[in-house]
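Please look through the sequence and the coordinates together before reading on. The paragraphs that follow lead from the ligand site to the sheets and then to some details of the backbone.

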Amino acid sequence: MSTLRHPKVQPQVLDFTPYEAGLSIEEIKSAYNLSWIVKLASNENPLGISPYVRKVVAQSASFGFRYPRQGNPDLCLALADFYGLAPENFLVSNGSDEAIDLLLRVMARPGKDNVLVFDPCFSMYRLQARLCGLKVRSVPLNRDFSFPFEQLLKTADQDTALVFVTNPDNPSGYAAPKEQLLEVAAGLPEDCLLVLDEAYCEFADAPGAISPIRELSALKNLVILRTFSKLYGLAGLRLGYGIMPAWLREYLLRVKPPFSVNLLAEQAGLAALRDGFFAEKTLNTVHAGKSYLGRELEDIGCTVFPSQANFLMFKPPVPAKSLHERLLQQGIIIRPLAGYGLEDYLRVSIGNSSENKAFIRATRDIVSQG
Ligand SMILES: Cc1ncc(COP(=O)(O)O)c(C=O)c1O
């Protein structure tokens, strides 16, 4: 990184360490001289992209010279139909990352307000909050990775603008029941928003039991974030959405770059919502793969944490760092969790059957060699 400290750069940018995505497939191939890679590091869809969506995207490419419609009204309408809510409750964004950024930029005052997160948590909340000049307060998760909500409520004060909760959580996969989340929403100081990041909610055994989406219309301080990156296999097209009170959406739309969601992403999202078959097939693959991986990892001697998401966090019986590196050398990429402060743990995304088997075979070999 450049050591130049240009006098006009904002102070919070000068010392900022950006989000670190894992190495790409191409980088790993060239670093380890491999031709074959199994990537189970970013919780992507194990089936790839839906064939139907791919067809729609290809057909839509000829309209690529047109600007998309500002605010993506067609997709808001389709989402509203899908969930039985009003289109005014939906903000479509360039991945849920953009919605996180917009919330922080619009709903908190730099130098004054604070943002509350659990520790560890998905790193984007902290990173973007700091960039926005906001203070970040964190509450350590319980030892079993469940959420200490009482402590969270005690830590919030009149200057707390936003509270981020990932449910199911990343990286543990833990999910709190919706009744607890409703209590938190009701217990926060007035004007403080509860932002529930539900990127993985669809993978839960009973999504209705963990998501307060049905209660959203009755609450004035609840925001739910969801994404097309996981269940719908569109991570590379960048498409997410927030479900929120209409007044809040109006503020966020003032600030959002008008065309940040591109035309192909919007068409892909519309097609994905119509393709229930692919979503169902993904869920079946993830549920079966999760049982298989959980069983096998335990058999290998790992401690595996119960997960409501499309990944598993585990503690291997050998040092996590060395298992991660030795898997990499064989072309198998999983996620080390040192960046979350969890040096002894690893996270593996649920892949398709052959990816899961390749990962287990390699892990078993490495662990047996000690
Ligand atoms: C908890 C959580 N929220 C949000 C995201 C980002 O999703 P998107 O691809 O929609 O920006 C991720 C991505 O891995 C995530 O783990």
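Which atom of D97 lies 3.1 Å from an oxygen atom of the ligand? The atom in question is a backbone N or O atom of D97, and the pair counts as a polar contact, that is, a pair of N or O atoms within 3.5 Å, with the added conditions that within protein one must be able to donate a hydrogen and the other to accept it, and that residues adjacent in sequence count only if both atoms are side-chain atoms. The model is predicted, so local features need pLDDT of at least 70 and side-chain atom pairs count only at pLDDT 80 or more, whereas totals for chains, interfaces and linings use all residues. Residues are numbered from 1 along each chain as its sequence is written, and side-chain values use heavy atoms, with hydrogens and water left out.

Two further contacts of this kind involve S96 and T227: a polar backbone atom of S96 is 2.6 Å from an oxygen atom of the ligand, and an N or O atom in the side chain of T227 is 2.6 Å from an oxygen atom of the ligand. Taken alone, the ligand exposes 400 Å², of which the protein buries 92%; these accessible areas come from the Shrake-Rupley method with a 1.4 Å probe, and for residues only the protein chains shown count as cover. The ligand is surrounded by 13 residues, the closest being S96, D197, Y200, T227 and S229, where a residue is near a molecule or strand if one of its heavy atoms lies within 4 Å of it. By class, this shell has 3 nonpolar, 6 polar and 4 charged residues, with Ala, Val, Leu, Ile, Met, Phe, Trp, Tyr, Cys and Pro counted as nonpolar, Asp, Glu, Lys and Arg as charged, and the others, Gly among them, as polar. Helix α5 (residues 95-106) gives the largest share of the shell, 3 residues; helices (H or I, at least four residues) and strands (E, at least two) are DSSP runs numbered from the N terminus.

An open sheet of 7 strands runs in the order β2-β8-β7-β6-β5-β3-β4, with mixed pairing, two strands being paired if DSSP finds at least two bridges between them. Because β2 (90-93) and β4 (135-140) stand at the edges, each with a single partner strand, one side of each is left without a neighbour in the sheet. From one strand to the next the twist averages 20 degrees. Within this sheet, strand β3 (residues 114-119) and strand β5 (residues 160-166) run parallel and are joined by 3 bridges, and L116 has V163 in β5 as its bridge partner. Helix α6 (residues 124-131) packs on the sheet, touching β3, β4, β5 and β6 (193-197), and its direction makes about 155 degrees with that of β3; contact means heavy atoms within 4.5 Å, and axes are lines fitted to C-alpha atoms, for helices over the stretch in contact, with angles running from 0 to 180 degrees between N-to-C directions.

Some loops also carry backbone details. P120, in the loop between β3 and α6, is joined to D119 by a cis peptide bond with omega of about 0 degrees, and P168, in the loop between β5 and α8 (178-187), is joined to N167 by a cis peptide bond with omega of about -5 degrees.
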